[in-house]
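Hi everyone, thanks for making time. I'd like to walk you through a structure today, so have a look at the screen.

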Amino acid sequence: MRIFSGIQPTGTLHLGNYFGAIRQWVQLQEGNECVYCIVDYHALTNEDTDPAELRQARRELALDLIACGIDPEKTILFFQSAVPEHTELAWILGCVTSYGDLTRMTQFKQKAAEQEFVNGGLFYYPVLQAADILLYLADHVPVGEDQLQHLELCRRIARRFNYRFGELFPEPQPILGKGARIMSLADPTRKMSKSYGPEHYVGLMEPEESIKKKIRSAVTDVGLKPGQEMSPGVANLFEILELVAPGELVAELRQQHKEGKLLYKHLKEVLYEHLMRALAPIRERRAELAARGEIDELLAAGAERARKIAREVMQQVRARVGLE
Ligand code: TYM
């Protein structure tokens with residue numbers, strides 16, 4: 001299988017990114033050809049992107065990904081902007097994309113509603129995302145649940161291109177992991193995200209004290225009667241716990257909850273302890289990596305490998321549409 005996925009360099013990795021996507025990225029490296037992209041062009045759609053910060057954030061993200069277990073020798077890891085074919089294909093795909101479909105993208109509608117100045121890049125964002133994937137003829141895309149609509153659009157674009165110009169692109173399928181929808185601890189009705197502010201995400205590399213504080217103050221409920229359904233906050237804590245703690249322990253705590261005997265303070269302590277244990281190797285590797293200077297060369301080599309595939313596919317695209 002050819003796997004492709006991308007992530008925006010918008011600051012630190014959080015638990016949603018890790019459990020929703022990156023953990024699957026790491027596992028899929030075994031036995032597949034993986035292409036993972038730090039999507040810096042996409043990051044420009046965020047109005048407050050500062051050039052110096054972006055420059056640093058994309059490099060730090062590369063180090064974070066390597067600390068999580070992405071192996072840049074085996075896997076192609078690179079910056080999107082180092083392969084200009086992404087934007088070239090995006091233009092061509094835009095011409096087989098329905099304007100109506102783009103206006104229906106939930107992420108666009110949400111972001112546009114929150115901003116005074118809505119840039120064109122934000123509207124075109126899903127087309128560039130489709131180009132990212134199709135440029136590598138990828139058939140599988142590991143993502144969190146929030147990306148499913150973009151992926152559905154990507155398949156529509158592929159279908160439409162194939163129909164007009166002849167079969168070329170596979171219709172990429174999502175790979176959803178167990179943590180595909182991690183919610184904010186401060187407001188469990190919203191997904192964990194950097195864009196809502198620091199209390200709404202838990203960073204993978206955040207200081208221990210700060211993680212502890214965020215978990216301790218996670219929204220729960222005032223206690224339920226036995227048999228009552230779990231509140232979203234508690235369900236989210238269990239969801240995360242399931243990803244880091246042994247099954248028997250989670251089952252036991254679930255049983256206690258069912259019987260109305262579970263103290264949320266205890267649940268939070270157990271979660272903190274198991275989460276930190278799961279993250280420890282990543283945090284240690286990240287600290288070691290900070291001292292290593294070869295990241296630029298690794299990324300340049302990744303871009304070279306990506307470009308080799310991208311150039312070939314682009315040549316076929318250009319020929320199909322009549323540009324060659
Ligand atoms: P981004 O940078 O917002 O997120 C990267 C990955 O993390 C997942 N994720 C979550 N999963 C579970 N729970 C959450 N709370 C949570 N928050 C984020 C996302 O689903 C994603 O898999 N548009 C994409 C980047 C992109 C891309 C692509 C992805 C550009 N081109 C091509 C796949 C294929 C984005 O902004 O992800």
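I'll start with the overall chain, then go to one helix pair, a pocket and a cavity.

First, the small print: this is a predicted model, where local features need pLDDT of at least 70, side-chain atom pairs count only at pLDDT 80 or more, and totals for chains, interfaces and linings use all residues. Numbering runs from 1 along each chain as its sequence is written, and side-chain values use heavy atoms, with hydrogens and water left out.

Okay, the whole chain. It comes to 13 helices and five strands; those are DSSP runs numbered from the N terminus, helices being H or I with at least four residues and strands E with at least two. The C-alpha atoms fill a box of roughly 70 × 45 × 40 Å along the principal axes. The radius of gyration is 21 Å, which agrees with the value near 20 Å for a compact globule of 324 residues. That radius is taken over C-alpha atoms, and the globule rule is 2.2 Å times the number of residues to the power 0.38.

Now the helix pair. The axes of α9 (residues 208–216) and α12 (residues 264–289) come within 10 Å and cross at roughly 145 degrees. Axes here are lines fitted to C-alpha atoms over the stretch in contact, with angles from 0 to 180 degrees between N-to-C directions. Who touches whom? From α9 we have E208, I211, K212, I215 and R216, and they meet K268, L271, Y272, L275, M276 and R283 in α12, contact meaning heavy atoms within 4.5 Å. Those contact residues split into six nonpolar, no polar and five charged. Nonpolar means Ala, Val, Leu, Ile, Met, Phe, Trp, Tyr, Cys and Pro; charged means Asp, Glu, Lys and Arg; the others, Gly among them, are polar.

The same two helices, α9 and α12, each give two or more residues to the lining of the second largest pocket. Its lining is K212, I215, R216, K265, K268, E269 and Y272, with four residues, the largest share, from α12. By class, that's two nonpolar, no polar and five charged. A pocket is an open set of points on a 1 Å grid over the protein atoms alone, with protein on both sides within 12 Å along at least five of seven lines; a cavity is a set where a 1.4 Å probe fits but cannot get out, and lining residues have an atom within 4 Å of a point.

Last stop, the largest cavity. M105, Q107, F108, K111, L122, Y125, P126 and H150 line it, and α6 (106–114) and α7 (120–134) each supply at least two of the lining residues. That lining divides into five nonpolar, two polar and one charged.
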